[in-house]
Amino acid sequence: MCLAYPGKVVSISGKEGLIDYGGIRKKARLDLVKVKKGDYVIVHTGFAIEKVDRKNALLTLKMIRETL
Amino acid sequence: MNFRDPALIKRLSKSIASEAKGLPEMKLMEVCGSHTQAVARFGLRKLLPENVKLVSGPGCPVCVTPSSEIAEAVWIAKKGAIVTTYGDLARVPSSLGSLFEAKAGGADVRVVYSIADAGEIARKNPGEKTVHVAIGFETTAQTTAAFLNSSPPKNFLVLNCHKWFLPAMDALLASRDLKIDGYICPGHVSTLVGSNAYRFLSEKYGVPQVVAGFEPLDVMLAVLMLVRQLNKGEAKVENEYIRVVKPEGNAKALGLMGETFGVGNAEWRGLGVINGSGMPFTRRFGHFDARYALKPKVSRGADMPNGCACANVLKGKTEPKDCRLFGRACTPEKPIGPCMVSVEGACHNALRFE
């Protein structure tokens with residue numbers, strides 16, 4: 001149920017955004033987040049629920065490499 | 001950016017083994033259906049040493065929705081309303097049968113991907129009532145909150161089965177017959193509540209917790225972080241999923257949740273009534289409440305079929321393979337218990353992948 005996918009905000013129109021999931025594009029509601037075009041979001045049941053922070057994603061991978 | 005890098009996963013597996021060497025058996029629990037799926041699908045249990053046990057908890061909303069709530073949905077469908085719901089729930093039996101059985105009998109039951117799709121069905125059918133069966137924890141409840149706060153159609157109602165998740169994590173740790181040494185906290189519930197929200201559990205029970213994402217590297221790193229804490233005798237909340245989860249959560253979504261839902265008690269299949277886990281509508285949204293508007297009358301059915309071990313599977317007390325129905329009488333094609341019905345259920349995943 002809590003399954004959610006990351007995608008990129010391609011355009012915004014009111015409360016809806018067009019999200020690109022690596023080629024497949026589908027609309028999602030943006031009521032729960034503050035985002036702009038180009039941001040990455042996590043989408044759950046048709047609603048973006050949070051932004052994905054690219055810098056922190058890279059930091060996690062760096063952290064894994066460093067702790068091993 | 002590859003969170004499925006096989007080389008890194010193998011190295012994490014080795015680090016976990018060396019960190020866990022010589023330690024007593026550790027029982028780590030993941031409490032999110034999407035973690036259950038990731039662990040089984042990527043075969044992560046096989047990458048852990050014998051003394052690190054990874055068990056599934058009550059993180060599958062379809063599994064923990066009690067039979068009485070499903071019976072309410074069937075009752076409403078049989079009275080002639082359009083009933084919308086998320087996938088697997090429609091297959092779970094109740095004292096009045098399942099929603100799909102009601103559909104076979106002529107009721108208008110529709111599976112939707114989003115509450116917004118359910119609202120659209122209501123808009124297109126202004127002469128009828130559309131009732132959305134809203135199950136799920138904070139992750140899904142926030143979408144219900146967002147939708148109800150954006151002028152939904154007047155003929156739209158919600159059968160509210162949402163539940164606050166952290167009280168269930170609290171109840172499991174409080175239960176004396178379970179021994180849980182650490183939690184992998186649900187990544188997407190955490191986007192809303194924030195990683196700080198789990199602190200009280202570590203303080204109260206002395207267990208380490210790690211908020212984790214859903215890729216194989218996320219789960220393996222979370223296990224390593226938990227084993228390291230146990231090795232050092234620490235009990236704190238760490239956040240592995242920093243690319244998505246903030247310490248304080250999502251303020252905008254929390255605001256909408258506060259407008260829409262209060263706190264009550266709720267019944268969980270297999271776990272019984274958990275205080276503080278109910279998510280009743282606030283007075284402002286009471287007129288969307290299908291229970292208030294339609295007053296469904298149902299009797300309590302048996303929550304667990306005869307011989308089904310789901311109640312103990314949901315608490316991490318019994319492994320799916322130890323249920324006598326598992327893989328014999330109970331399969332994904334012909335499920336008996338809810339943990340086999342749902343694609344997020346521990347039994348479904350154990351049989352399909354492990």
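This report looks at the cysteines and one glutamate of chain B in a predicted model.

## The disulfide

Let's start with the sulfurs. Searching the whole structure over all chains turns up one disulfide. The partners are B:Cys60 and B:Cys63, with an S to S distance of 2.3 Å. That sits inside the cut-off, since a disulfide here calls for cysteine sulfur atoms within 2.5 Å. As for handedness, the B:Cys60 and B:Cys63 link is right-handed, with 75° about the S-S bond.

Are the two partners buried or exposed? B:Cys60 counts as buried because its relative accessibility is 3%. B:Cys63 is buried too, at a relative accessible area of 0%.

## A pair that doesn't make the cut

Now for B:Cys310 and B:Cys339. Why isn't the sulfur of B:Cys310 bonded to the one in B:Cys339? The closest cysteine sulfur to that of B:Cys310 is the one in B:Cys339, but it lies 3.1 Å away, so it is too far for a bond. Looking from the other end, the sulfur of B:Cys339 has B:Cys310 as its closest cysteine sulfur partner, again at 3.1 Å.

Burial is worth a look here as well. B:Cys310 is buried, with 3% relative accessible area, and B:Cys339 counts as buried at 1% relative accessibility.

## B:Glu69 and its neighbours

Over to a charged residue. B:Glu69 belongs to helix H4 of chain B, which covers residues 67-78. With a relative accessibility of 13%, B:Glu69 counts as buried, because the cut-off for that is under 20%.

What does B:Glu69 touch, leaving aside residues up to four places away in sequence? Its contacts are B:Leu159, B:Cys161, B:Lys163 and B:Arg291.

Definitions and conventions: Residues are numbered from 1 along each chain as its sequence is written. Chains are lettered from A and ligands numbered from 1 in the order in which they are written. This is a predicted model: local features need pLDDT of at least 70, side-chain atom pairs count only at pLDDT 80 or more; totals for chains, interfaces and linings use all residues. Side-chain values use heavy atoms; hydrogens and water are left out. Helices (H or I, at least four residues) and strands (E, at least two) are DSSP runs, numbered from the N terminus. Buried means under 20% relative accessible area, exposed over 50%, partly exposed in between (1.4 Å probe, protein chains only). Contact means heavy atoms within 4.5 Å.
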